Amino acid sequence: MLLPVLAWAESLPLPIGQTPVLPGPYMQVWQDPQGQTDFAQVSALPDSAWRDVGRRDASFGYGGSAYWLRLDLHNPHSRSFGWVLLIGNPLLDQLDAYGLDGERVYRAGDQRPFDWRWVEHRQLVLPLNLETGETRRIWLRMQTDGSANLSASLMTREAFDHQEQRSLLLQGLFFGALLAMFIYNLSIFCITRDRNYLWYSLFVAGFSLYQFIQLGFALQWLWPNAMVWHQLSFPLSSALATLFGIHFTQGVLELDKAPAPYRWVVQSLKACTWLVVAMALFGPYTPALFGSFLLLVACAVAAFLITLLRWRAGFAAARLFALGWFVLIAASLASILSGTGLLPYSLLTLHAQQIGGLIEMTVFSIALAARIRHIQEAKRQAQTQLIAQERHLRAEQARHLELQTQISESLEQRVQERTATLQETLHQLSNANLRLAELNRRDGLTGLFNRQTLSEELTRACARAERGKQSVAILMLDLDHFKQVNDRYGHLAGDACLRHAAQRIQQRLRSSDLLARFGGEEFVALLDNTSLDGALDLAEQLRDDLARHPCPYQQHSIPLSLSIGLHAGVPHDPSCGEHWLDLADRALYRAKAGGRNQVVSYEAKAFDGA
């Protein structure tokens, strides 16, 4: 009579609520090194053949043996809630479950087609239904070439749904952050052609694929029936991510310019990475898996030490990279040790590599941004030095000219030698002034654009208007009787009038319009997207505004007026700028001939008739 009570004392009461239970301490295990024993033989084993798991996560490391686990479950509640046994290790090759649903056997694993699973999920989900007061024993058989870590948790279906929603949110944020880093750095590479950003983008992509495979998403969404490829993709993606990380570290820390030992270490790690890639593609799975783990740890430790040494040698950017590699080392060790069973299963160890990788890549992104800032600062300092050198050169040239003058006055016998040197210096200075004049786009008196700039902008504006089928207008403006102003008030007053007129005209134009001094007292306004009516209205405003605002000069108020000729329309030829300028000039001539202080637009019929 007491035997059922003793059996129930060792059974696991099914939980309720939102808190999952780890069934490891309630499980018993029997190891099958050859993996040949069937369920009938295992179920007939005496209790003495079984041993308690004795830990939370039922982890047995790497070895390739088959492990049989048995678990007694009991429903002490007043009704059946429906439960789920979630296997948190999606990389188990084979998992068989007996006793879940009558005589049916649950068979799944990443070396079996995905549609074999009873529940379509990236992890192995085993549904359970126990009636009130029912006790049931289930058996699990797992066999894998990787980590024999069950990582199981038992919960109600409601708790499973709640946990799944939170997990998908976090996974979405995780992969979304990786995708943002990939797109951002790949965009910077496309703009700057700096290969460091390409290697970093590939490193992020390789790490993302590695995590996509490790978390079970790849088998669910990418290759649900490609068992062979799925087996080799895990160490292959790890090796490729490591290879891209080596290239990235080599470029950012400028190891090509570092002493020879650094280069030897980098080349050795690259060779080992290609060896692991070859093992993943053509060799056995287990050596390739261990090779990828060892390679990851070796590269992370080597990168950490190299960044510390480079930091010590004065390479300031290395400190952030040292922090990033340290985080990745700690996360990778936690993940590997959890797989071997040396660290207990927990959410932290389960997602340690994800957390560490995300922190590492965020630190690397910050380091790359700091690198951009450092390059910009170096460029700014170089420009400052060039400007200082140019000023020094000009001062030396001025001093040299003064010295030549003194020598020519005191030493007539050296006139020819010094004159030749002076001519050469003047020639160089003249060439420099010519180059500066070519770069100078503004009129020195009024501050407006000069005629050369007008010609360039006119060509572009006509081409733009011709493509967009938009109207463009050209205004030719001339100050009336300007010679009389110079004769009466002086040329300084004339200059003041030119500046006054330029200011009055400019303030009524749009920011997209262009005003240039064409020569003497003539100005040209280039108006984008402006019809003939709009140009006439603006020209009349300009004429009226200048007439109502004379130029103040000393104690005088100098009256000014404008004659304006204009032409507007949609260009049919992108190179019609000079011709349109000539048409506006003809209209200006007619405005002056008609008595000045008026606006005349060019109309082909009227002008041809005239």
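**Note on the predicted model: contacts, sheets and rings**

1. Setting aside neighbours within four places in sequence, Ser208 is in contact (heavy atoms within 4.5 Å) with Phe175 and Leu178. The model is a predicted one, in which local features need pLDDT of at least 70 and side-chain atom pairs count only at pLDDT 80 or more, while totals for chains, interfaces and linings use all residues. Residues are numbered from 1 along each chain as its sequence is written, and side-chain values use heavy atoms, with hydrogens and water left out.

2. Ser208 belongs to helix H4, which covers residues 195-214; helices (H or I, at least four residues) and strands (E, at least two) are DSSP runs, numbered from the N terminus. Ser208 counts as buried because its relative accessibility is 16%, where buried means under 20% relative accessible area, exposed over 50% and partly exposed in between (1.4 Å probe, protein chains only).

3. Phe175, one of the contacts of Ser208, also takes part in an aromatic pair. Rings of Phe, Tyr and Trp (its six-membered ring) pair if their centres lie within 6.5 Å, with planes under 30 degrees apart counted as stacked, over 60 as edge-to-face and the rest as tilted. The count by this rule is 18 aromatic pairs. In one of them, the ring centres of Phe175 and Phe217 are 5.9 Å apart and the planes stand at 85°, so the pair is edge-to-face. This pair links distant parts of the chain, since Phe175 lies in helix H3 (residues 157-192) and Phe217 in helix H5 (residues 217-221), 42 residues apart. Both partners are buried, Phe175 with a relative accessible area of 17% and Phe217 with one of 9%.

4. A separate point concerns the aromatic cluster that is formed by Phe39, Trp68, Tyr98 and Trp139. Tyr98 is also among the residues that Arg137 contacts, together with Arg70, Leu71, Asp72 and Gly99, when neighbours within four places in sequence are left aside. Arg137 itself is located in strand E9 (residues 135-143) and is partly exposed, with a relative accessible area of 30%. Although Arg137 and Arg70 are 67 residues apart along the chain, their C-alpha atoms are separated by 6.8 Å.

5. One open sheet consists of three strands in the order E8-E5-E10, with antiparallel pairing; two strands pair if DSSP finds at least two bridges between them. Strand E8 (124-128) and strand E10 (152-156) stand at the edges with a single partner strand each, so each has one side without a neighbour in the sheet. Neighbouring strands here are turned by 20° against each other on average, direction ignored. H3, the helix that holds Phe175, packs on this sheet and touches E5, E8 and E10, and its direction makes about 115° with that of E10. Such axes are lines fitted to C-alpha atoms, for helices over the stretch in contact, and angles run from 0 to 180 degrees between N-to-C directions. Strand E5 (residues 83-87) is joined to E8 by five bridges in an antiparallel run, and Ile87 has Leu124 in E8 as its bridge partner.

6. Another open sheet has five strands in the order E12-E13-E11-E16-E17, and its pairing is mixed. The edges are taken by E12 and strand E17 (599-601), each with a single partner strand, so one side of each lacks a neighbour in the sheet. On average, neighbouring strands of this sheet are turned by 20° against each other, direction ignored. Strand E16 (residues 562-569) and E17 run parallel and are joined by three bridges, with Gly565 opposite Val600 in E17. Helix H17 (residues 577-593) lies across E11, E12, E13, E16 and E17 and runs at about 140° to E16.

7. Within the five-strand sheet, strand E13 (residues 522-527) is largely enclosed by the rest of the structure, because five of its six residues are buried. Strand E11 (residues 472-479) runs antiparallel to E13 and is joined to it by six bridges, with Leu475 standing opposite Ala525 of E13. Strand E12 (residues 514-519) also pairs with E13 in the antiparallel sense, over five bridges, and Gly519 stands opposite Glu522 in E13. E12 and E13 form a hairpin with two residues between them, and Gly520 in the turn has a positive phi of about 60°.

8. A last point is burial in helix H15, where the buried residues include Ala493, Gly494, Cys497, Leu498, His500, Arg504 and Ile505.
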